[in-house]
Amino acid sequence: MGNLSLWCPSFSVRNARVDEQHIELMAMSDELLAWLGRSRVPDHDLAHLLQEIASLNASHTRLEAELLARNQCPTLAQHQRLAAQGAAALQAWVADARGGQLDRPALAVFLGAWMVNHLIETDLPVRDYLHE
């Protein structure tokens, strides 16, 4: 269905731990996109992978918030608000999948937009505050 894992150096926030989490989130999202393209994969299997993505995203969000706070990022509150919105959306997708109500094409669109938005619009502008 798509490929999000085309990592390039311009995506780097110059923090190896954060970059590695970004790469892993992209790879997991790619795996989910591949599964979405297979009509025989049950929603409950997709829910499991979605929950893994949501869990990694939660850890990632905590790491970023800790770094941004420590480095006195002036847009910390906005970053946290956007992260909370993304986390809530992921949990809603998990619930839809668990309930057998998954809109697969809409989830594919969401995944691509979420990763691009998170990397390019949310994290790159604050990368000077994401150092250890």
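Reader: I'd like to start with Arg14. Is this residue buried or exposed?

Author: Let's take it together. This is a predicted model, and in it Arg14 has a relative accessibility of 54%, so it counts as exposed, the cut-off being over 50%. Arg14 is found in the segment before α1.

Reader: What is notable about the phi of Arg14?

Author: The general idea comes first: most residues other than glycine have a negative phi. In Arg14, phi is near 65 degrees, which is a positive value in a residue other than glycine.

Reader: Where does Gln72 lie, and what is its phi?

Author: Gln72 sits in the loop between α2 and α3. Its phi is near 55 degrees, again a positive value in a residue other than glycine. With 68% relative accessibility, Gln72 counts as exposed.

Reader: Let's move to charges. How many salt bridges does the structure hold?

Author: In general, side chains of opposite charge can pair when their charged atoms come close. This structure holds 4 salt bridges. One of them brings us back to Arg14, whose side chain meets that of Asp128 at 2.6 Å, N to O. This pair links distant parts of the chain, with Asp128 in the segment after α4 and Arg14 in the segment before α1 (16–36), 114 residues apart. Asp128 and Arg14 are both exposed.

Reader: Which residue does Arg104 meet in a salt bridge?

Author: Arg104 meets Asp43, with 2.9 Å from N to O. Arg104 belongs to helix α4 and Asp43 to helix α2, so this salt bridge ties together parts that are 61 residues apart in sequence.

Reader: Are these two side chains buried or exposed?

Author: The cut-off for buried is under 20% relative accessible area. Arg104 has 15%, so it is buried, and Asp43 is buried as well, with 14%.

Reader: Where do Glu66 and Arg70 lie?

Author: Both are in helix α2, 4 residues apart, which is about one turn of the helix. Their side chains meet in a salt bridge of 2.6 Å, N to O. Glu66 is partly exposed, with a relative accessible area of 42%, and Arg70 is partly exposed too, at 46%.

Reader: Now the helices themselves. At what angle do the axes of α2 and α3 cross?

Author: As a general guide, two packed helices are described by the angle between their axes and the distance between the axes. Here the axes of helix α2 (residues 43–70) and helix α3 (residues 76–98) cross at roughly 170 degrees and come within 8 Å. Angles over 145 degrees count as roughly antiparallel, and α2 and α3 are therefore roughly antiparallel to each other.

Reader: Which classes of residue make up the contact of α2 with α3?

Author: The contact has 14 nonpolar, 7 polar and 3 charged residues.

Reader: What about the rings? How many aromatic pairs are there?

Author: The count comes to 3 aromatic pairs. One of them joins Trp7 and Phe11, which are edge-to-face, with 5.6 Å centre to centre and 65 degrees between the planes. Trp7 is partly exposed, with a relative accessible area of 28%, whereas Phe11 counts as buried at 17% relative accessibility. Another pair is Phe110 with Trp114: their ring centres are 6.1 Å apart and their planes are at 15 degrees, so this pair is stacked.

Reader: Where do Phe110 and Trp114 lie?

Author: Both lie in helix α4 (residues 104–123), 4 residues apart, about one turn of the helix. Phe110 and Trp114 are both buried. Together with Trp93, they form one aromatic cluster.

Reader: Let me step back to the whole chain. How many helices and strands does it have?

Author: The chain comes to 4 helices and 0 strands, so to read its elements from the N terminus on, you go α-α-α-α. Its radius of gyration is 15 Å, close to the 14 Å that the globule rule gives for 132 residues, so the chain is as compact as a globular protein of that length.

Reader: What box do the C-alpha atoms fill, and what percentage of residues count as buried?

Author: Taken along the principal axes, the C-alpha atoms fill a box of roughly 45 × 25 × 20 Å. Of the 132 residues of the chain, 45% count as buried.

Methods:
Residues are numbered from 1 along each chain as its sequence is written. This is a predicted model: local features need pLDDT of at least 70, side-chain atom pairs count only at pLDDT 80 or more; totals for chains, interfaces and linings use all residues. Side-chain values use heavy atoms; hydrogens and water are left out. Axes are lines fitted to C-alpha atoms, for helices over the stretch in contact, and angles run from 0 to 180 degrees between N-to-C directions. Helices (H or I, at least four residues) and strands (E, at least two) are DSSP runs, numbered from the N terminus. Angles under 35 degrees count as roughly parallel, over 145 as roughly antiparallel, 65 to 115 as roughly perpendicular and the rest as oblique. Ala, Val, Leu, Ile, Met, Phe, Trp, Tyr, Cys and Pro count as nonpolar, Asp, Glu, Lys and Arg as charged, and the others, Gly among them, as polar. Rings of Phe, Tyr and Trp (its six-membered ring) pair if their centres lie within 6.5 Å; planes under 30 degrees apart count as stacked, over 60 as edge-to-face and the rest as tilted. Buried means under 20% relative accessible area, exposed over 50%, partly exposed in between (1.4 Å probe, protein chains only). The radius of gyration is taken over C-alpha atoms; the globule rule is 2.2 Å times the number of residues to the power 0.38.
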